[in-house]
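Here is a short, friendly briefing to read alongside the sequence and the 3D view. It looks at aromatic rings first and then at strands.

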Amino acid sequence: MRKRSTAIAVVLAAGALAALTTAPAQATEYSSALKIKGVQYDAPGPDSNRCSGGNTAAEYVTIKNYSRTATVNLKGYVVKDAVGNSYTFRYNHYLQPGDYVHLRGNYGTESDAKNVAYRNNCNFIWNNDRDTIKLIKPGGAYADTHAYTKAANDRDGNGYITFHG
């Protein structure tokens, strides 16, 4: 009897191991209060990165504080795309629980007013077909990251993708 139950256990363990190795990889969930809520990766209208009259300010990423109790300072956080274009929050920018900020292209300030910060750059950062958005903590650890493709993630074609509700 003992040999038979050992053999059955070995077969079951091998089956479980095979199931684990063939299962698709899951996205990593980082333990951070700050998350990328969504991205307007394709600004409405024809892309124009002119500083005057262009539409880079209409392209933005939304970062939200999902904590129920903690206020988070964005100073030192970095937002990056797949090829390394980046923006570092240089000033104190406090997000209360449930609060958010839109990080936009074009020129402006990093102000708590109106929940907006500007990258002070008129070039588009997010690709219209596919890209990866990384939110990195001041110490270098990832707070959140999302890869997207227009075909797979933007079902209604409006240029906006929601990652966290």
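**Around Tyr60**

Arg104 lies over the face of Tyr60, 4.5 Å from the ring centre. Please keep in mind that this is a predicted model. Tyr60 is also a good place to begin with the ring pairs.

**Aromatic pairs**

- A pair of aromatic rings is described by how far apart the centres are and by the angle between the planes.
- With ring centres required to lie within 6.5 Å, the count comes to three aromatic pairs.
- One of them joins Tyr60 and Tyr160: the centres are 6.2 Å apart and the planes stand at 40 degrees, so the pair is tilted.
- This pair links distant parts of the chain, as Tyr60 belongs to strand β2 (residues 60-65) and Tyr160 to strand β12 (residues 160-162), 100 residues apart.
- Tyr60 has 15% relative accessibility and therefore counts as buried, the cut-off being under 20%.
- Tyr87 and Phe89 form an edge-to-face pair because their planes are at 85 degrees, with the ring centres 5.3 Å apart.
- Tyr87 and Phe89 are both buried.

**Strand β1 and its partners**

- Strand β1 covers residues 34-40 and is mostly covered, with six of its seven residues buried.
- Six bridges pair β1 with β2 in the antiparallel sense.
- Within this pairing, Gly38 stands opposite Thr62 in β2.
- β1 is also joined to β12 by three bridges, and these two strands run antiparallel.
- Here, Val39 stands opposite Ile161 in β12.

Conventions. Residues are numbered from 1 along each chain as its sequence is written. This is a predicted model: local features need pLDDT of at least 70, side-chain atom pairs count only at pLDDT 80 or more; totals for chains, interfaces and linings use all residues. Side-chain values use heavy atoms; hydrogens and water are left out. Rings of Phe, Tyr and Trp (its six-membered ring) pair if their centres lie within 6.5 Å; planes under 30 degrees apart count as stacked, over 60 as edge-to-face and the rest as tilted. Helices (H or I, at least four residues) and strands (E, at least two) are DSSP runs, numbered from the N terminus. Buried means under 20% relative accessible area, exposed over 50%, partly exposed in between (1.4 Å probe, protein chains only). A charge sits over a ring if NZ of Lys or CZ of Arg is within 6 Å of the ring centre and within 35 degrees of the ring normal. Two strands pair if DSSP finds at least two bridges between them.
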